[in-house]
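Me: I have a two-chain model open and would like to go through the interface first, then the empty space. Can you take my questions as they come?

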Amino acid sequence: MKKAIRFVSMILCLVLLCCCLSSCGQKKEEEGNGDGDLSGKTLTIGLVSSLADNTGKLHQEVINLFIDKWNKEGTLYGANVKLVAYDNLNNGAQDTEMSIKCVQKLLSSDHAQVIIPGQLSNIIQAVGGLINDGEAVGIGLGLAPTWMEQGWEYVYRTALNNNFQIPSVTATMNSLNQKNIAILYQNTDNCLTFRDSIKAAAIEDGLNVVAEEMLADGSGTGITGQITSVINSDPDTIFVTAMGGSFGTVVKQLRQSGYKGMIYIGQILMTTEVDSIGDEEVNGVIMCSPYVSYERIEDCNNDFVKSCLQEFYDKYGYCPVDDQFYKMWDAMLLVQNAVLAAKSVDAADMQKAISTLKFDGTAGTMDFTKGSNECYYGARAWVYTGQGVGGAPVALEDWLTMDVSKKVIITKQS
Amino acid sequence: MNDTLKLILQLMIPGLCLGCVYGLNGIGAALLYKGSHTINNAQGAVVGFGALLGYSLQNRGLGLISSTIIATIACFFVGVLLQVGVISQIEKKAPIYVVIATLALSIVITNANYLIVGSYTYDSAVILINVSKYLHIDSVNVDILWSNIVAIAVSFIAMVSVHFFLNKTKFGSAMRAAAMDPFAAESCGISVVKTRAVTWGIMSALGALGGCLTGPLFGVSAGIGIAAGAKGNTGAVLGGYGNMYGAIIGGMIIGIVETIFGYIYSPYQTAFTNALFLIFILLLPHGIMNEKAIEEG
């Protein structure tokens, strides 16, 4: 009897083993047959973000907009696309440890072929290696150069690397004869590298860094000392690098403390922040960012961006003001083009295909053919001036050539 | 000389303003510790909630003053509800659970704040006196924000009101008696449950007031109270944990020292402030007011 049980158990084990082996082999074939018909196949997009706040909500909305469209129209050769989103918010802040666990789960349990680890560079730095080793296509929305310097083959960026923005910033300062600059920065990976790069570029371009102060946190409390120190150093201009969403508080406090000069900020100033600062006091703020936050879609004069905003508005009934919208939109364009070029939803096939891609994105042409896994290389900046109050800011190049009588010129604090 | 005076004013007034907000939070922490030998980790979240409530009332057409008053009163009842609905139930089982429970409440309220209003910073009404945002002092050529001055003045009024409430009213005396010896107070007919609920109410109301006062200065966001709540506690320990007046002084010291360190060497602003706090506590374990509530516990 015992022998019979042992024999049956062995047979069962063998059958189970065969099933496992055959299903493993099938999976590869299922994802990557490369014949252009992907019906019945699934593309899983993994998202790690702060799902409870505006950022995570916006990330999900943009991804779901694309997924609904793809699945309805069969855009990706009939492949079924699904989103698996995990929250990494811990006590009001995105947490690295939680993000690592989320990415591990996305790789091991959900078998996500595409993973988007959000917009914080320190988190992308922490999970990028996992994504790369797991051979999933990773798309980071952060701006720091550091994580892209790791040489991860599978990790891409659909935003503008801060380092590519810097030469135009110092060139603008020089052209406006702003020789003495002060820097305010936050203690994050992105801001620290931005601070170091702008300092190095400023010195190289013959500018003087007269003060640099660290902002304690994003809440805005307790930064009066830093602001007083910066203003008392009598700078020609101030450069601020901080987390997205924190600029409003810093600019507001600079203006409240009596600073009237120009302020360069390292990212977008959202319309909600403009409201917070006040229309008049936002004048003289230069946003070093390829994007603009629009209160109304009509304010946008770029047809491509306008159509993206309109599509989003038609689905969700509001105009997104956060630059995360543009970065995630571009990430989805990358996924779409990668699948169409690879004719496969296998991550390895997509990775190979991405190096041949060049297409239009929200900040210009997204060119992945240069082999750096970056796509944007051109800097853009926008100025809030008397012309822009109540509407969109003016492009820096237009502002520089504008008739003096039409623009608010702010050269020095009062 | 004028430059030095100007710098002192530039740093001291905003520092004092921050310190007053910390002090408001510290008063609640001190009252709570004195009364029930526990701490409230959810104070910062309630500050955020109060500030957001004040902001949303402003959005509905109310002025800064009326929205602040309504938000403060509403948060008084939020505090009472928290105590009656959650804390008093947990307290019966084990007092230490209250610390953990308030930590959980903090996360729940903060996340709810984020869920409702998101992570943006919103504009609060600006305080104008005679249509000017600033008080200009000619002799030293310095502009001081009215918002700072008003925040300091209102905080002082609130602190004095709490002082009179505790010392000159029957219920205040009952609260002090219940804090000193709950069993004896109970046997004298004082409802300790009621006094503790009011303590929580006062703590939440003062926090909300602080949140509304900082709105015109920094804007309003879901996370606005997190730092203020924690620093209020730190200030309360510095002043002598359990002593209301010590909490006010401690809060002000933290606010001013933090601002000065921010000016001197910003990368270590928080580290220096906390190191100073540690040194202070090592040398003066009962705080500035030599409060013995900790030993009594």
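Reply: Start with polar contacts: this is a predicted model, and eight residue pairs are in polar contact between chain A and chain B, both residues of each at pLDDT 80 or more.

Me: Which elements of chain A supply at least two residues each to the side that touches chain B?

Reply: Four helices and a strand are listed: α2 (54-73), α7 (224-232), α8 (247-256) and α9 (271-277), plus β9 (208-215).

Me: And which one has the largest share of that side?

Reply: α7(A), with six residues.

Me: How do the residues on that side of chain A divide by class?

Reply: Into 21 polar, eight charged and seven nonpolar.

Me: How many residues does the contact take from each chain?

Reply: 36 residues from chain A and 36 residues from chain B.

Me: What area do the two chains bury between them?

Reply: About 3,000 Å², with 49% of it on carbon and sulfur atoms.

Me: How many salt bridges between chain A and chain B?

Reply: The count is one. A:E281 and B:K133 form it through their side chains, at 2.8 Å from N to O.

Me: What lets such side chains pair at all?

Reply: Opposite charges can pair when the charged atoms come close.

Me: How many salt bridges over all chains?

Reply: The structure holds 16. One within chain A joins A:E97 to A:K101, where the closest N and O atoms are 3.6 Å apart.

Me: Where do A:E97 and A:K101 sit relative to each other?

Reply: Both are in helix α3 (residues 96-108) of chain A; they are four residues apart there, so about one helical turn separates them.

Me: Switching to empty space. What is the volume of the second largest pocket?

Reply: About 660 Å³. Its lining has 30 residues, and the closest to its centre are A:Q256, A:S257, A:G258, B:Q10 and B:D143.

Me: Which elements give two or more residues to that lining?

Reply: From chain A, α7 and α8; from chain B, α1 (2-36), β1 (134-137), β2 (142-145) and α8 (192-218). The largest share comes from α1(B), with seven residues.

Me: How does the lining of that pocket split by class?

Reply: The second largest pocket is lined by 13 nonpolar, 13 polar and four charged residues.

Me: Now closed space. How many cavities of 30 Å³ or more?

Reply: Five. The largest cavity holds about 80 Å³ of space.

Me: Which residues lie nearest the centre of the largest cavity?

Reply: A:L143, A:L160, A:C288, A:S289 and A:P290, out of 14 lining residues.

Me: And what classes make up the lining of the largest cavity?

Reply: Seven nonpolar, five polar and two charged residues.

Key:
Residues are numbered from 1 along each chain as its sequence is written. Chains are lettered from A and ligands numbered from 1 in the order in which they are written. This is a predicted model: local features need pLDDT of at least 70, side-chain atom pairs count only at pLDDT 80 or more; totals for chains, interfaces and linings use all residues. Side-chain values use heavy atoms; hydrogens and water are left out. Contact means heavy atoms within 4.5 Å. Buried area is the accessible area (1.4 Å probe) that two parts lose on being put together, summed over both. A salt bridge is a side-chain nitrogen of Lys or Arg within 4 Å of a carboxyl oxygen of Asp or Glu. A polar contact is a pair of N or O atoms within 3.5 Å; within protein, one must be able to donate a hydrogen and the other to accept it, and residues adjacent in sequence count only if both atoms are side-chain atoms. Ala, Val, Leu, Ile, Met, Phe, Trp, Tyr, Cys and Pro count as nonpolar, Asp, Glu, Lys and Arg as charged, and the others, Gly among them, as polar. On a 1 Å grid over the protein atoms alone, a cavity is a set of points where a 1.4 Å probe fits but cannot get out, and a pocket is an open set with protein on both sides within 12 Å along at least five of seven lines; lining residues have an atom within 4 Å of a point. Grid points are joined across faces, edges and corners, and a volume is the space filled by probe spheres set on the points.
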